[in-house]
Amino acid sequence: MGIHLVKSGDTVCLIAKRYGVLSQSIIEANGLGRSEQLVINQTLFIPLGEKDRMMSPNDIRGSIARNYNLNLKINNRAVPGAPTKLTVQRNTLISVVLFWEPAYDNVQVSGYYILRNNIPIGSTPNRVFVDVFIKIGETYDYKVTSYTSGKIFSGYSNIARVSITTSLGIVYWSKANQYSGYLKGTDVSSYTPELDWNKIKSDEIKYVYVRAGNSVLNKGYTPDFMAQKHTIGIKSAGLPVGFYYIPHWSNLDYDLNKANVEAEKYADHILSLMNKASKSGYGDLLPVLDIEPPLGEIDIGLTGKQIIDWSKVFCDRFKAYTGRTIMIYTNRSFWSDWHVTPEINTLNNLPLWNAEFYEFSNYLKFSHDTPMSFGGWSGWNIWQFSQSAIIGGYTRMDANWCPSLDLITLPAKPINLNGFNSSLGTVNLSWNKNTEIDLKGYNVYKDGVWISTNIKNFITITGLKVGRTYKFQVQALDAFNDVSDLVLISIYISR
């Protein structure tokens, strides 16, 4: 039994002629369909020598089963097609993540066996597999075979080779999330050089965060010197932009009053950055407060409760000053280092940007390909999963997943607001339903005063005075208490 690695232009017929065997022998040995397309780097088993040539197709598959400890028994049932396009999606010091495409045939596949250096190492019903039993300095060849519920196995996929070195491997977009429909994003700061944002956009990036600034010990809010250039470039490419701010944590200048001051400076700076890009408002995306220790520091002389208290004052002041909800950026390890428990975390009603990198974490839930919950948050709005992605041809870029832009943008303002004086002192209002996945309801105002938060897209208002004109306003409200612009209608009460 020999092995052939498929090259460009190879067909079963040409390979059979090259080795002096029948095409049917190759088809049977590898579980191929007669019209199946071969894939470059696909491994094929070639029956060689008189003994192999005299073997029946069943004998050939039995030989493969013995060599690779797999059950390839046919039992007179159709053989599934082999998986294709096996690739290494992530290569880090602690894990190799594989992804492949299934064979598109009529045979129902129950799962896949994964082989490393020709030895089975596990199975999965999914198209992604994580190998955590790796060693630095080793080189591994992976391949995958599919099987039916009756344990009838396909041929093998192409081989994916990876070498485990002390250098971090390139982190690709995780297809386990890509196939969920999640949206790609990135974030930049003064550490990021000027970029061609059209190249970034062409790499399927859907949103970008810019560091607006950070605080400096005893100096307070300090703008990021690249924030303006990045913002103008991002908006010129037509991408949504948001901003984040990193306070400097230290007991040397800890002051809750400064949280109010820095929140207002942050808000004013965002307005300025958007204005420089010929836009208005506090960014297209949720503004962010980054809660992490200064680079290289953990012992900052503050308790976890002090950090939470300062952040709560900051977020509350920003909301009162701008009307916008803050999203929290942080990492589970920071919460652990600072002993922040869910009981003292008064920020877990705010949206979360979870920073948990494949390169440095060994506690990801690999089976779900998603970070674990912490701090009392029930989930995340953005997951920053890498600092080593290639985006638009640029290396060492931050990479983020977001399930939907609805989770990081304001709800759209209601449209087609209509109303009429339906009966004595009564007005009926209605408007089109919003489509956001995180919609909570609608705030309704009468002459600038809130009167109701309505789940439905209509409301009846009574107790109005005849002969007066009332101004009614409606705005959409999401699960994180971010609100849309108001829409207005004036109605004269004639009866």
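Which side chain does aspartate 131 join through a polar contact of 2.7 Å? I opened the notebook with that. The model is a predicted one.

**Entry 1: aspartate 131**

I went to aspartate 131 and found the residue in strand β7, residues 128-131. I then looked for the partner of its side chain. The partner is tyrosine 142, and the polar contact between the two side chains spans 2.7 Å. Next I checked burial. Aspartate 131 has 3% relative accessibility, and the cut-off for buried is under 20%, so I logged aspartate 131 as buried.

**Entry 2: from tyrosine 142 to β5**

I followed tyrosine 142 into strand β8. There, tyrosine 142 is the bridge partner of arginine 116. I noted that tyrosine 142 also holds the polar contact with aspartate 131. Strand β8 covers residues 139-147 and runs antiparallel to β5, with six bridges joining the two.

I then looked at the other pairing of β5. Strand β6, residues 119-124, is joined to β5 by five bridges, again antiparallel. I picked out one pair here: tyrosine 113 faces serine 123 of β6. The hairpin of β5 and β6 has two residues between the strands. Asparagine 117 has a positive phi near 50° in this hairpin.

Is β5 largely enclosed or open? I checked burial along residues 111-116. Five of the six residues are buried, so I wrote down β5 as largely enclosed by the rest of the structure.

**Entry 3: the β20 and β21 hairpin**

I moved on to residues 418-423, which make up strand β20, and residues 426-430, which make up strand β21. The two pair in the antiparallel sense, and I noted five bridges. Serine 423 sits opposite threonine 426 of β21. Two residues separate the strands in this hairpin. I looked at the turn and found glycine 425 with a positive phi of about 65°.

**Entry 4: a sheet of four strands**

In what order do the four strands of the open sheet run? I read off β23-β22-β25-β26, with antiparallel pairing. The edges are β23, residues 449-454, and β26, residues 487-492. Each of these edge strands pairs on one side only. I also took the twist: neighbouring strands are turned by 25° against each other on average, direction ignored.

I closed with the β25 and β26 pair. Strand β25 covers residues 469-478 and shares six bridges with β26, in the antiparallel sense. Across this pair, I found glutamine 473 opposite leucine 488 of β26.

Notes. Residues are numbered from 1 along each chain as its sequence is written. This is a predicted model: local features need pLDDT of at least 70, side-chain atom pairs count only at pLDDT 80 or more; totals for chains, interfaces and linings use all residues. Side-chain values use heavy atoms; hydrogens and water are left out. Two strands pair if DSSP finds at least two bridges between them. Axes are lines fitted to C-alpha atoms, for helices over the stretch in contact, and angles run from 0 to 180 degrees between N-to-C directions. Buried means under 20% relative accessible area, exposed over 50%, partly exposed in between (1.4 Å probe, protein chains only). A polar contact is a pair of N or O atoms within 3.5 Å; within protein, one must be able to donate a hydrogen and the other to accept it, and residues adjacent in sequence count only if both atoms are side-chain atoms.
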